Amino acid sequence: MAGALDAGVVSISDQVDARTPVWFGRHSISDYYGKYRHLSVAEVLTFSSNIGTVRIAEKIGPTEFRAFLGRMGFDSMPGIELLEKTASVVPAKLSEVASATISFGHGLSVTPLQMLTGTAALVNGAIWSVPRSVSKSRAPGWSGSR
């Protein structure tokens, strides 16, 4: 959703057709609690519409969607100075099906820290902050005992 808004292919008040499942060959993507109507982009988020996110992902396209995932830092190691970290799993190139399934959270794996960092940038006016660990001994208000 954020990638499509960022690319300007949708606005928050646009309507998305979520009346029928999206088909890829003999496989379909549907909504668990479908509304079976046109939804605004905001409603796609509110109702967690798989159909709506797939339709929006189709508008942004796999190439731009993959580029957005990279800009969000989802294709690299988290930028924190901890030894105990792992890389996410994001396909290097997205097919139409991969783009569709990733649009509602399947087909990729990102760390909680990456998701938190990306979400923080979205709600912080697109200001990206590199996560840092803070020593307890230097944390504001830390007295060293509890």
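Here are some questions and answers on the pockets and salt bridges of this predicted model.

Local features need pLDDT of at least 70 and side-chain atom pairs count only at pLDDT 80 or more, while totals for chains, interfaces and linings use all residues. Residues are numbered from 1 along each chain as its sequence is written, and side-chain values use heavy atoms, with hydrogens and water left out.

User: Which element gives the largest share of the lining of the largest pocket?

Analyst: A pocket here is an open set of points on a 1 Å grid over the protein atoms alone, where a 1.4 Å probe fits, with protein on both sides within 12 Å along at least five of seven lines; lining residues have an atom within 4 Å of a point. This one holds about 620 Å³, and among its 28 lining residues M1, A2, I102, S103 and G105 are the closest to its centre. Helices are DSSP runs (H or I, at least four residues), numbered from the N terminus. Each of α1, α2, α3, α4, α5 and α6 supplies at least two lining residues, but the largest share, five residues, comes from α3.

User: How many charged residues are in the lining of the second largest pocket?

Analyst: That pocket has a volume of about 270 Å³, and α1 gives the most to its lining, with three residues. Its lining includes D6 and R71. Asp, Glu, Lys and Arg count as charged; Ala, Val, Leu, Ile, Met, Phe, Trp, Tyr, Cys and Pro as nonpolar; and the others, Gly among them, as polar. The split is nine nonpolar, no polar and, for charged, two.

User: Is R66, which meets D75 in a salt bridge, buried or exposed?

Analyst: A salt bridge puts a side-chain nitrogen of Lys or Arg within 4 Å of a carboxyl oxygen of Asp or Glu, and the R66 and D75 side chains meet at 3.2 Å, N to O. Buried means under 20% relative accessible area, exposed over 50%, and partly exposed in between (1.4 Å probe, protein chains only). D75 is partly exposed at 39%. R66 has 14% relative accessibility, so it counts as buried.

User: Which residue forms a salt bridge with R19?

Analyst: The whole structure has six salt bridges. In this one the closest N and O atoms are 2.9 Å apart. R19 is partly exposed, with a relative accessible area of 44%, and its partner is also partly exposed, at 23%. That partner is D17.

How values were computed: Grid points are joined across faces, edges and corners, and a volume is the space filled by probe spheres set on the points.
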